[in-house]
Every structure is written in structure tokens, then in C-alpha cells.
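Trainee: I have not looked at this structure before. Could you take me through the ligand site?

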Amino acid sequence: MTTKVLMVCLGNICRSPLAEGIMRKHTNKQDFLIDSCGTSNYHQGAAPDPRSISIAAQHNIDISKQRARQLTPADIDVFDYILVMDEENLSNALALCTSAAQLDKIALITNASEIYAPRIPDPYYGGIDGFTHVYELLHDCCKNWLKKHAK
Ligand code: 4NP
């Protein structure tokens, strides 16, 4: 069976597109369906931030064709795991839940980190260094999450 994993941030243009790209690179399509979205509709239909596209490209990951969309209550039924970037994403995603089974699907991606990281920080208003840091944190978290959920 395919495990469906949804990576979630606020805008779906900086962190979760990178997370989607990293997860896709390290999984195959038979075993995992990977998608991403944002809790907001601020950037609905937009391509990822150029800084995220650039960091991903440095690691041979093409995220340029992704388009931003907003998290819906239906997503929480469809996906098996909803992995969020920070506490604000967590409370916004939990607020859409209508059952205990849905609540159980939602977790901070940083729970899977081997290094201490309470959250994946929002890099939007900072410089390129913030995106490099986000990539490194996400790479560690995604790798460890997949190790725990390997098929
Ligand atoms: P993301 O970053 O949640 O990682 O996609 C952000 C992108 C846009 C905004 C905030 C965070 N914004 O306020 O427009």
C-alpha cells in the first residue's frame, strides 16, 4: 500500500516545497505519495520562492513545477501523515480536525530530527542563509522520518 505524506507550512512556497522535493528524492512512487500545501492561501497557485528553487537545485532537486495550494479538511482524511514545520502550522492544522483519528495524523516534522530542532524556522523575510539552514534541517528530519517509516 502507498503511504500518503503531506508536508505543510504557512505559504507553501518556501519550506514545504523543499520538504516535498527532499521526500520525493528519497522515496519511490510505489511506496510513497508525497505532496505539500500551506495553511494559508496567501500564495495560491504560485511557484516556489526562487530561493527555495535555487537551494533545491544545488542538491539536484527540481521543485520549480510545484504550485502552492491551501490545506483542506479533506486532506486530513486522504493523507496518512501530515507533517508540519512549526507550532503555528500545528495549531492551524489541528483546528481543521473533526476526529481523534485525524488529530493522530498531524505531527511536527522536527520530532523526527536527530539534532535538537524545535521547529523549521520561517525563512521568508530573511536572507539566503536561512534557506540553507532550512534545507539542512529538513534533510535531517526527512531522512530520519523515512528511516522510521521505511518499507
Ligand atoms: P513558507 O514561508 O510558509 O515556508 O512557505 C512563508 C511564505 C510566505 C509568507 C510567510 C511564510 N507570507 O507571509 O507571505
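**The ligand and its surroundings**

Trainee: Which residues surround the ligand?

Mentor: This is a predicted model. A residue is counted here if one of its heavy atoms lies within 4 Å of the ligand. The residues that surround the ligand are Cys-9, Leu-10, Gly-11, Asn-12, Ile-13, Cys-14, Arg-15, Tyr-42, His-43, Asp-122, Tyr-124 and Tyr-125.

Trainee: How many residues of the shell are nonpolar, polar and charged?

Mentor: Tyr and Cys count as nonpolar, while Gly counts as polar. On that basis, the shell has two charged residues, three polar ones and seven nonpolar ones.

Trainee: What distance separates a polar side-chain atom of Asp-122 from an oxygen atom of the ligand?

Mentor: Two residues reach ligand oxygen through a backbone N or O atom: Leu-10 at 2.9 Å and Gly-11 at 2.8 Å. For Asp-122 the atom belongs to the side chain, and the distance to a ligand oxygen is 3.5 Å.

Trainee: What share of the ligand's exposed area does the protein bury?

Mentor: The ligand taken alone exposes 360 Å². Of that area, the protein buries 92%.

Trainee: Is His-43 buried, partly exposed or exposed?

Mentor: His-43 sits in the loop between β2 (32–38) and α2 (50–58). Beyond residues up to four places away in sequence, His-43 touches Gly-11, Ile-13, Ala-68 and Tyr-124. Buried means under 20% relative accessible area and exposed means over 50%. The relative accessibility of His-43 is 22%, so His-43 counts as partly exposed.

Note on methods
Residues are numbered from 1 along each chain as its sequence is written. This is a predicted model: local features need pLDDT of at least 70, side-chain atom pairs count only at pLDDT 80 or more; totals for chains, interfaces and linings use all residues. Side-chain values use heavy atoms; hydrogens and water are left out. A polar contact is a pair of N or O atoms within 3.5 Å; within protein, one must be able to donate a hydrogen and the other to accept it, and residues adjacent in sequence count only if both atoms are side-chain atoms. Accessible areas come from the Shrake-Rupley method with a 1.4 Å probe; for residues, only the protein chains shown count as cover. Helices (H or I, at least four residues) and strands (E, at least two) are DSSP runs, numbered from the N terminus. Buried means under 20% relative accessible area, exposed over 50%, partly exposed in between (1.4 Å probe, protein chains only). Contact means heavy atoms within 4.5 Å.
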